[in-house]
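Colleague: I am new to this model. Can you walk me through it?

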Amino acid sequence: MSAATALDAAALAGLPPGAAPTYDRRALTPGVLHVGLGAFGRAHVAHYCEDLLATGDTDAAVVGASLRTGAITAALGPQDGLYTLIESAGGEPSLRVIGAVAALAHGSEVADHVAAPATTVVTVTVTEKGYCRDPRTGGLDLDHPDVVSDLAPDRDPSRAPRSLPGALVDGLQRRRRAGGADLAVISCDNLPANGEVTRAVVTDLARRRDEDLATWIDEHVTFRSTVVDRIVPAATDEDRELVRSRLGVVDRAPVRAEAHRLWVIEAPAPDGGVGGMPAWDRVGAVFTDDLAPFQDRKLRLVNALHSAAAYLGLAAGFDTIAQAVADADLRAWLDRLGVEEIEPTLPAVGHSGSGDPAGPAPAPGAATAEVLDRFANASLRHRCAQVGADGSQKLGPRILATAAIRLDRGDPVVGLATVVAAWSAHVGAALGRGAALEDPLSGPLSVALERPAEADRVRALLEVITAPDALLDDDRFVAAVVAARRERGWA
Ligand code: CS2
């Protein structure tokens, strides 16, 4: 093959058949502002938008935004927003260049686009910690350095906001002043009631600036919760090499994802509530007035098993999730966790991939097996360390919520407690080595680990991650974590 050229608009014509967008990108006026251009946002929201654009619907073009001057906007700029989506179900991957990101924004430009009349929807993937939320109050974390900076009375208004709520509030303030139209803000992060979380932090920050603005936001901005599901690991050099060899272009920002994807968006009755949103339901997204069953299944089964595979995998010395679940003993253990401790606490819903909560209920164990089969996809190379990052933000909704339900019923929590024990071992090992722990609460976690007594240490770790009172007030959970740490040699 001749030397590869850089991927950009001019290179599209030379791509192999079927790999390039089929619509005219020059004719697009983006109506969707997507904040958080990490691999997940590019492989999920932008992919749904791409599919919609491919049907001839021009409503779904995206301004891809990162709050900071990120590496990703720097990489995508010279590529005219183009990047390759590598989909791999396990066999030969399929490659497709995504053209939906028609413009890029970073820093203070994010607020410009929130204010822009063309923007009708803001979608968000900034990870759990990006919301700057205080889990104790449900409002804004007023000690968060980015929030402190965005709320500083002497803040230079021309300087870019640092936090997600700060950027949204800056933009909404200007949208209001300009007499702008209503807006939908759609969170796509793995948090329960993510729309409510977004509403809480945004209105909290707005109120501290201007009470009238908070009232305007209440009346004119819809915050929708969603459930998203697609495994999208960080891209590797091999992914970049695959694009070069298959498409003949150099892509600095490809993404690799499994074939499975799910997007369920809260759209309450009576009007179906879909006003202002592109018709994503035409390309597989589901609008529903009852998100809860999807949310429980996603966070408390899919994500719970993911975190379990990550921490148990790390403890056993595995690098990737696929390697961890390829271990017969570990897979059997994860299977028992799903079947015995998690599934019995989930509301009865249809097959997790069908998007139909009224569909036939799967046989016990089927949902767990389906999830573990997805994890077994060795072409994904999803590192246990990546899934294990930010555990303080993830364990609550994924593991502790289910433990609280089980304790309330008087049911055993050995497996769930073992996941917490494995996480604590990971935290202890990373901090003990003097290595950086990828977690926004690494400071308080390291203080908690200094407690001399085992049970105090475990309790202190749980306090740092704001475990529900139901677990802290009940010695059974702490005792189960302590027992798992001892039994596994992690104490
Ligand atoms: C993972 C998720 O990194 C993580 O915490 O559990 O990103 C997971 O891959 C997705 O939620 C799957 O939909």
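Modeller: Contact here means heavy atoms within 4.5 Å. Helices (H or I, at least four residues) and strands (E, at least two) are DSSP runs, numbered from the N terminus. The model is predicted, so local features need pLDDT of at least 70, side-chain atom pairs count only at pLDDT 80 or more, and totals for chains, interfaces and linings use all residues. Residues are numbered from 1 along each chain as its sequence is written, and side-chain values use heavy atoms, with hydrogens and water left out.

Colleague: At what angle to strand 5 does helix 9 run?

Modeller: Helix 9 covers residues 237–247. It lies across strand 4, strand 5 and strand 12. Axes are lines fitted to C-alpha atoms, for helices over the stretch in contact, and angles run from 0 to 180 degrees between N-to-C directions. The angle to strand 5 is about 90°.

Colleague: What is the strand order in the open sheet with strand 4, strand 5 and strand 12?

Modeller: Strands pair if DSSP finds at least two bridges between them. The pairing in this open sheet is mixed. Strand 5 (94–98) and strand 12 (255–257) have a single partner each, so one side of each lacks a neighbour in the sheet. From one strand to the next, the twist averages 25°. The order is 5-4-12.

Colleague: Which residue of strand 5 stands opposite T84?

Modeller: Strand 4 spans residues 83–87 and runs antiparallel to strand 5. Five bridges join the two. Helix 2 (residues 45–54) lies across both strands, at about 80° to strand 5. Opposite T84 in strand 5 stands V97.

Colleague: In the sheet ordered 10-13-14, which are the edge strands?

Modeller: Three strands form this open sheet, with mixed pairing. The edge strands pair on one side only. They are strand 10 and strand 14 (286–288).

Colleague: What is the bridge partner of T226 in strand 13?

Modeller: Strand 10 (residues 226–229) pairs with strand 13 (residues 262–266) in the antiparallel sense, over four bridges. T226 and V228 point one way, V227 and D229 the other, and all are buried (under 20% relative accessible area; exposed is over 50%, partly exposed in between, with a 1.4 Å probe and protein chains only). The partner of T226 in strand 13 is I265.

Colleague: How far apart are the axes of helix 10 and helix 13?

Modeller: Helix 10 (residues 292–315) lies across strand 10, strand 13 and strand 14. It packs on helix 13 (residues 366–375) at about 45°. That makes the pair oblique (under 35 degrees is roughly parallel, over 145 roughly antiparallel, 65 to 115 roughly perpendicular, the rest oblique). Their axes are apart by 10 Å.

Colleague: Which residues of helix 13 meet helix 10?

Modeller: On the helix 10 side, the residues are R297, L301, V302, L305 and H306. On the helix 13 side, they are A367, T368, V371, L372, R374 and F375.

Colleague: Is T119 buried or exposed?

Modeller: T119 is in the loop between helix 4 (109–115) and strand 7 (121–124). Leaving aside neighbours within four places in sequence, T119 contacts G31, L33, H113, R175 and L183. Its relative accessibility is 2%, so T119 counts as buried.
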